[in-house]
Amino acid sequence: MKVTDLIKNSSVPFTSIEIIPPRKGTSMETLFAELEVLMRYKPAFMSVTSHAHERSVEEVDGKKVERMKHKRLDTNAICIAAQSRLGVEPTPHLICRGFTKDETEDVLLTLHFHGIENVLALRGDGPLADAQTAASFVNEHASDLVEQIERMNDGVYLDPVERAEKTDFCIGVAGYPEKHFEAPDMETDLAYLKKKVDAGAHFIITQMFFDNEAFYRFRDDVARLGIQVPVIPGIKPLYKKQHLEVLPRIFYTKIPQSVQDSINRFDKEEDIHRAGIDSTIAQCKDLLAHGVPGIHFYSMSVAKPTSEVLNGLMA
Ligand code: FAD
């Protein structure tokens, strides 16, 4: 079912889960053991991140050759397996960086054949396409990717195909309550968010944030621009002191001083863990009291912290 229909049909705020594919060599059973725990909370959908190939130059027989490698298990394979094994609605992430439009078309067709109805369209942060790939064969921005998916929803493929099968993807995109790090200002970033929605995006999932006031301002701005698709807050459970330093650095988000203080006053690991989870529960309760349609949890494929937050919300 499409994420937009899942939201419409949900009588209570929904939960969705984001996972990251494990590194190559990890057993699928290890991943599925974590997912089975998360499935007890009946997430409306589960999104699976996607990662650009890594490019390295290696010497073979005295010659320098380029090697493309993937460090993680395949996003789409996990989605297809999760759909049949767990009955969860998978939402694979698709990224522009590192993929040509032709490769994206192939992936979309594979997903369509497997009955996957939702995708999250992102630019990604990986390296740009290599110099030999002409710019017209790659998607530069997420809005370009949304346009490609929408064209396939209209039966228009990259090369003309007579009476081509139409896909019917429900498309999500990313939004940034604290502005995307490259955008010169919030208004510019919001204008590009509107461009993604005008191109055909059906829902928005936000980058993680810890200051709900920033989210409420963002939600108001989105409404002011006439964007009417659901805005789903993305929440990362806190449970380590390192999060206070690492998450703002990597995700360009601010953690309010009061949240930092509530965690920093402890030294023992279990106390820090509890304080972080309590702070995330309080953050989610406030969001729910402010009428969000549901909450998307950045679980990172580790079940315990997200489960503790969800238990806290149900208590
Ligand atoms: P865009 O919407 O393309 O925006 C990127 C920047 O360009 C912004 O500053 C924007 O203002 C600007 N911009 C947008 N359109 C235009 C335009 N037409 N002309 C000029 N400027 C423009 N990364 C991964 O690699 N894999 C993942 O699976 C993944 N999942 C994510 C899930 C969520 C919910 C979120 C919030 C982020 C995720 N990311 C992921 C990170 C994301 O790829 C990065 O934040 C990336 O830097 C931007 O992606 P975007 O889709 O927002 O890009």
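1. Start with strand E9, residues 231–235, in this predicted model. Five of its five residues are buried, so the strand is largely enclosed by the rest of the structure. Its side chains split between two directions: Val-231, Pro-233 and Ile-235 point one way, while Ile-232 and Gly-234 point the other, and all of them are buried.

2. Now look at who sits beside E9. Strands of a sheet pair through backbone hydrogen bonds, either parallel or antiparallel. With strand E8 (residues 203–208), E9 pairs in the parallel sense over three bridges. With strand E10 (residues 294–298), E9 is joined by two bridges, and these two strands also run parallel. Keep an eye on Gly-234: it is the bridge partner of Met-208, and it stands opposite His-296 in E10.

3. Zoom out and you'll see where E9 belongs. Eight strands form a closed barrel in the order E1-E2-E5-E6-E7-E8-E9-E10, with parallel pairing. From one strand to the next, the twist averages 30 degrees.

4. Helices lie against these strands. H10 (residues 269–289) packs on the sheet and touches E9 and E10, and its direction makes about 170 degrees with that of E9. H3 (residues 75–86) lies across E1 (14–19), E2 (45–48) and E5 (90–95), running at about 170 degrees to E5.

5. Next, step off the end of E9 to Lys-236, which is found in the loop between E9 and helix H8 (241–251). Is Lys-236 buried or exposed? Its relative accessible area is 6%, and under 20% counts as buried, so Lys-236 is buried. Leaving out residues up to four places away in sequence, Lys-236 touches Met-208, Phe-210, His-243, Leu-247, Thr-280, Tyr-298 and Met-300. You can also check its C-alpha atom against that of Ile-277: the two residues are 41 apart along the chain, and the atoms are separated by 9.9 Å.

6. One of those contacts, Met-300, deserves its own look. Met-300 is found in the loop between E10 and H11, and Ser-301 lies in that loop between E10 and H11 too. Most residues other than glycine have a negative phi. Met-300, though not a glycine, has a positive phi of about 55 degrees, and Ser-301, also not a glycine, has a positive phi of about 70 degrees. As for accessibility, Met-300 counts as partly exposed at 44%, whereas Ser-301 counts as buried at 12%.

7. Follow the chain into H11 (residues 303–314) and compare its direction with that of H2 (residues 28–39). Their axes come within 9 Å and cross at roughly 5 degrees. Angles under 35 degrees count as roughly parallel, so that label fits H2 and H11. Which residues make the contact? From H2 they are Glu-34, Val-37 and Leu-38, and from H11 they are Ala-303, Lys-304, Thr-306 and Ser-307. By type, the contact divides into three nonpolar, two polar and two charged residues.

8. Last, the inside. In soluble globular proteins, nonpolar side chains tend to be buried together. Here the largest nonpolar core has 59 residues, and Met-46 and Ile-149 touch the most other members. Not counting residues up to four places away in sequence, the contacts of Met-46 include Ile-17, Ile-19, Leu-35, Met-39, Ala-82 and Val-88. There is also a second, separate core of 26 residues, with Ile-95, Cys-170, Ile-232 and Val-259 among them. So Ile-232 of E9, which you met in point 1 as a buried residue, belongs to that second core.

Key
Residues are numbered from 1 along each chain as its sequence is written. This is a predicted model: local features need pLDDT of at least 70, side-chain atom pairs count only at pLDDT 80 or more; totals for chains, interfaces and linings use all residues. Side-chain values use heavy atoms; hydrogens and water are left out. A nonpolar core is a set of buried Ala, Val, Leu, Ile, Met, Phe, Trp, Tyr and Cys residues joined through side-chain atoms within 4.5 Å. Buried means under 20% relative accessible area, exposed over 50%, partly exposed in between (1.4 Å probe, protein chains only). Contact means heavy atoms within 4.5 Å. Axes are lines fitted to C-alpha atoms, for helices over the stretch in contact, and angles run from 0 to 180 degrees between N-to-C directions. Helices (H or I, at least four residues) and strands (E, at least two) are DSSP runs, numbered from the N terminus. Angles under 35 degrees count as roughly parallel, over 145 as roughly antiparallel, 65 to 115 as roughly perpendicular and the rest as oblique. Ala, Val, Leu, Ile, Met, Phe, Trp, Tyr, Cys and Pro count as nonpolar, Asp, Glu, Lys and Arg as charged, and the others, Gly among them, as polar. Two strands pair if DSSP finds at least two bridges between them.
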